[in-house]
Amino acid sequence: MYELNKLYNVDCLVAMKRIPDKYFELAIVDPPYFDGPNKRRFYGRDINKLNIKRKIYNVIEDWEVPSEEYFRELLRVSKNQIVWGCNYYDYYLGPGRIIWDKVNGQSSYSDCEIAYCSMHKKTKMFRYMWNGMMQGKSINEGHLMQGDKSKNEIRIHPTQKPVNLYKWLLLNYAKKGDKILDTHVGSASSLIACYDMGFDFLGFEKDKEIYKLAIKRLDDAMNQLSIFNII
Ligand SMILES: C[S@@+](CC[C@H](N)C(=O)[O-])C[C@H]1O[C@@H](n2cnc3c(N)ncnc32)[C@H](O)[C@@H]1O
């Protein structure tokens, strides 16, 4: 079995085979779905107005849309699941939905992202700005620009989600003592939220380069939060 509160550089399908049935109270996952930055490997245009080429994220070419076997294993190892991008997969996951409204204004990007949630049959919504410098002010005022670019979360991944989105999910869907699984960690936003809110977690990331960036981001955040707690 894997040690809790760690991120492993491993294919999640291989890793899940070593996890007992229903070991995790909640899985919050975000598998690849081949769209937007997943395919392009960068945000926005590849050449900006100053004719400078944007950073191309070193994302593996062979990201795979999760197989039926992936979903079977996910449902085996976890009691409840939140699955981002559920609208892209053929696997039927029930009616509950969580919508992340990105408050994108006139942007040509998707206005929302959609997750399956096993814990209700309703559709719930979280509003949080994420485009460019316009990140949300707080979990409760996510529709308001926080106004200070230096406070923006640094992006290390082409499909990075905000830590505050994961915090909102944990606040609303996890109970004290729950163990949380993320099978497709990417930037480690989910794990940072777990650590910050005192939840045990386990994370898997297959791509070596992304794993290195994620583990550094996670370590930095954990150290910073520990210092903050001591102070
Ligand atoms: C959509 S991104 C996740 C983004 C993440 N939610 C975030 O906030 O940064 C999917 C990630 O899954 C990783 N991945 C793809 N296939 C995988 C697999 N079989 N096992 C583990 N990780 C995988 C990719 O390298 C990528 O970083």
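# Exercises on a predicted protein–ligand model

Phe24 is buried, with a relative accessible area of 0% (buried means under 20%, exposed over 50% and partly exposed in between, with a 1.4 Å probe and protein chains only). The model is a predicted one, in which local features need pLDDT of at least 70 and side-chain atom pairs count only at pLDDT 80 or more, while totals for chains, interfaces and linings use all residues. Residues are numbered from 1 along each chain as its sequence is written, and side-chain values use heavy atoms, with hydrogens and water left out.

**Exercise 1. Describe the surroundings of Phe24.**

Solution. Step 1: place the residue. Phe24 belongs to strand β2, residues 24–29 (strands are DSSP runs of E with at least two residues, helices are runs of H or I with at least four, and both are numbered from the N terminus).

Step 2: list its contacts (heavy atoms within 4.5 Å). Leaving aside residues up to four places away in sequence, Phe24 touches Leu4, Ile19, Val77, Ser78, Lys79, Lys179, Ile180, Leu181 and Leu202.

Step 3: consider distance along the chain. Asn80 is 56 residues from Phe24 in sequence, yet their C-alpha atoms are separated by 8.0 Å. For the protein, 66% of the contacts with a separation of 6 or more join residues 24 or more positions apart.

**Exercise 2. Characterise helices α4 and α5 by burial.**

Solution. Step 1: take α4, residues 163–173. Nine of its 11 residues are buried, so this helix is largely enclosed by the rest of the structure. The buried residues are Val163, Asn164, Leu165, Tyr166, Lys167, Trp168, Leu169, Leu170 and Tyr173.

Step 2: take α5, residues 189–197. Its buried residues are Ser189, Ser190, Leu191, Ile192, Ala193 and Cys194. Just after α5, Gly198 adopts a positive phi of about 80°.

Step 3: examine Asp196, which is found in α5. Asp196 is partly exposed, with a relative accessible area of 34%. Beyond four places in sequence, Asp196 touches Lys167 and Leu225. The C-alpha atoms of Asp196 and Lys167 are separated by 8.5 Å, with these positions 29 residues apart along the chain.

**Exercise 3. Which residues come nearest to the ligand, and which polar atoms lie beside it?**

Solution. Step 1: identify the shell (residues with a heavy atom within 4 Å of the ligand). Among its 20 residues, Asp30, His157, Lys161, Ser187 and Glu205 come nearest.

Step 2: inspect the polar contacts (pairs of N or O atoms within 3.5 Å; within protein, one must be able to donate a hydrogen and the other to accept it, and residues adjacent in sequence count only if both atoms are side-chain atoms). An oxygen atom of the ligand lies 2.8 Å from a backbone N or O atom of Lys161. A ligand nitrogen is 3.1 Å from an N or O atom in the side chain of Asp11, and a ligand nitrogen is also 3.1 Å from a polar backbone atom of Lys206.

Step 3: assess the cover. Of the 610 Å² of accessible area that the ligand has on its own, the protein covers 97% (Shrake-Rupley method with a 1.4 Å probe; for residues, only the protein chains shown count as cover).

**Exercise 4. Where does pLDDT stay under 50?**

Solution. Step 1: begin with the protein. Its mean pLDDT (the predictor's confidence in each residue, from 0 to 100) is 87, and 84% of its residues reach 70 or more.

Step 2: locate the stretch. pLDDT stays under 50 over residues 42–54, for which the model has 22 contacts beyond four places in sequence.

Step 3: interpret. Where pLDDT is low, predicted coordinates should not be read in detail.
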